[in-house]
Amino acid sequence: MIQIGGLQKTTLIDYPGCLACTVFLIGCNFRCPFCYSSELVLPEKIKLQPRISKKDFFKFLKGKKGLLEGAVICGGEPTIHNDLPDFIRKIKKIGYLVKLDTNGSNPEMLKKLIDDKLINYVAMDIKAPPEKYNKSAGVKVAIKKIQKSIDILKEGKVDYEFRSTIVPTLQKKEDVIAMAKWISGAKRYYLQNFRAEKTIDPKFEKIKPYSEEFLMAIKKEILPFFEVCEVRG
Ligand code: SF4
């Protein structure tokens, strides 16, 4: 059952080309050690996280209609909630475009949301090359499901991007290239530099991110695989 653990009332960057709000749903099936959202992921922190009622959230959306164009559904991992389609249907009914942020672990839900025309844009994380996925996700991951989500998005029925947070201790240059080859032919791929802040695994707070130049050099190599490939700060 969906619980809202946060709301960013305006964002210019979370939804490309769209003035949006971002709603943070509680709960995640991954434990990425570099994750910045432990308050939405770890049960002991979730307990302490204040909730925003759905009633207040929908009231906010109605009040901002005409000022905001989109809503970003973020987590945690939104697709773990069976009531996600109903939640999004209510947002769409008010008149918003919807972007979904997902780790790609629930292709069945992803397909349903696309088939039912409930989402306009999807950002899916690629955590590592397939054989290293478990380490980056912090749990055992069914790679078949990740592959299925990649395939669904590449069909192009909904606008989408893939994105990876690049963490020095988890991905070397050849790993980033392997991820790019894996999803090659996709529309957009963004490399996001890791930020050493309030990570799920406290050891990651001491990791120095790669330099912008390093990521730009990798981008140059993988650029031919995509329509768009950029480094995000
Ligand atoms: S970064 Fe990983 S642990 Fe954090 S919310 Fe995303 S999928 Fe879950």
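## Strands β7 and β8

In which sense do β7 and β8 pair, and over how many bridges? They pair in the parallel sense, over 5 bridges. This is a predicted model. One facing pair joins the two strands: Y189 stands opposite C229 in β8. Helix α9 belongs to the picture too. Together, β7, α9 and β8 make a right-handed β-α-β unit.

Now look along β8, which spans residues 228-232. In a regular strand, side chains alternate between the two faces of the sheet. Strand β8 shows such an alternation. C229 and V231 point to one face and are buried. V228, E230 and R232 point to the other face and are not buried. The charged end of R232 sits over the ring of Y190, 3.7 Å from its centre.

## N193 in strand β7

Strand β7 covers residues 188-193, and N193 is found in it. Is N193 buried or exposed? Its relative accessible area is 14%. The cut-off for buried is under 20%, so N193 counts as buried.

The side chain of N193 reaches the backbone oxygen of Y210 at 2.9 Å. N193 also has contacts beyond its neighbours within four places in sequence. Its partners there are Y36, I166, P209, Y210, L215, R232 and G233.

## Aromatic pairs

How many aromatic pairs does a search of the whole structure find? It finds 10. A pair of aromatic rings is described by the distance of the centres and the angle of the planes. Take Y36 and F194: their ring centres are 6.5 Å apart and their planes are at 25 degrees. Planes under 30 degrees apart count as stacked, so this pair of Y36 and F194 is stacked.

The Y36 and F194 pair links distant parts of the chain, 158 residues apart. Y36 is in the loop between β2 (20-25) and α1 (38-41). F194 is in the loop between β7 and α9 (212-222). Both Y36 and F194 are buried. Y36 has a charged partner as well: R195 lies over the face of Y36, at 4.3 Å from the ring centre.

F225 and F226 form an edge-to-face pair. Their centres are 6.2 Å apart, with 80 degrees between the planes. Their accessibility sets them apart. F225 has 24% relative accessibility and counts as partly exposed. F226 has 8% and counts as buried. Elsewhere, ring pairs link F57, F58 and F87 into a cluster.

## Strand β5 and its partners

How many of the 5 residues of strand β5 (residues 121-125) are buried? The count is 5 of 5, and the strand is mostly covered. Both faces of β5 are covered. Y121, A123 and D125 lie on one side, V122 and M124 on the other, and all are buried. Compare β8, where C229 and V231 are buried but V228, E230 and R232 are not.

Strand β5 pairs with β4 and with β6. Strand β4 (residues 97-102) runs parallel to β5, joined by 4 bridges. K99 stands opposite Y121 in β5. With helix α5 (residues 107-115) included, β4, α5 and β5 make a right-handed β-α-β unit.

Strand β6 (residues 159-166) pairs with β5 in the parallel sense, over 5 bridges. Here D125 stands opposite R163 in β6. That gives D125 two roles in the picture: D125 is one of the buried residues of β5, and D125 faces R163 across to β6.

Key: Residues numbered from 1 in each chain as written. Predicted model: local features only at pLDDT ≥ 70, side-chain atom pairs only at ≥ 80, totals over all residues. Heavy atoms only, no water. Buried < 20%, exposed > 50% of the residue type's maximum accessible area, 1.4 Å probe, protein only. Polar contact = N/O pair within 3.5 Å; in protein donor to acceptor, adjacent residues only side chain to side chain. Contact = heavy atoms within 4.5 Å. Phe/Tyr/Trp six-rings, centres within 6.5 Å; stacked < 30°, edge-to-face > 60°. Lys NZ or Arg CZ within 6 Å of the ring centre and 35° of its normal. Pairing = 2+ DSSP bridges. Right-handed = clockwise from strand over helix to strand, strands pointing away.
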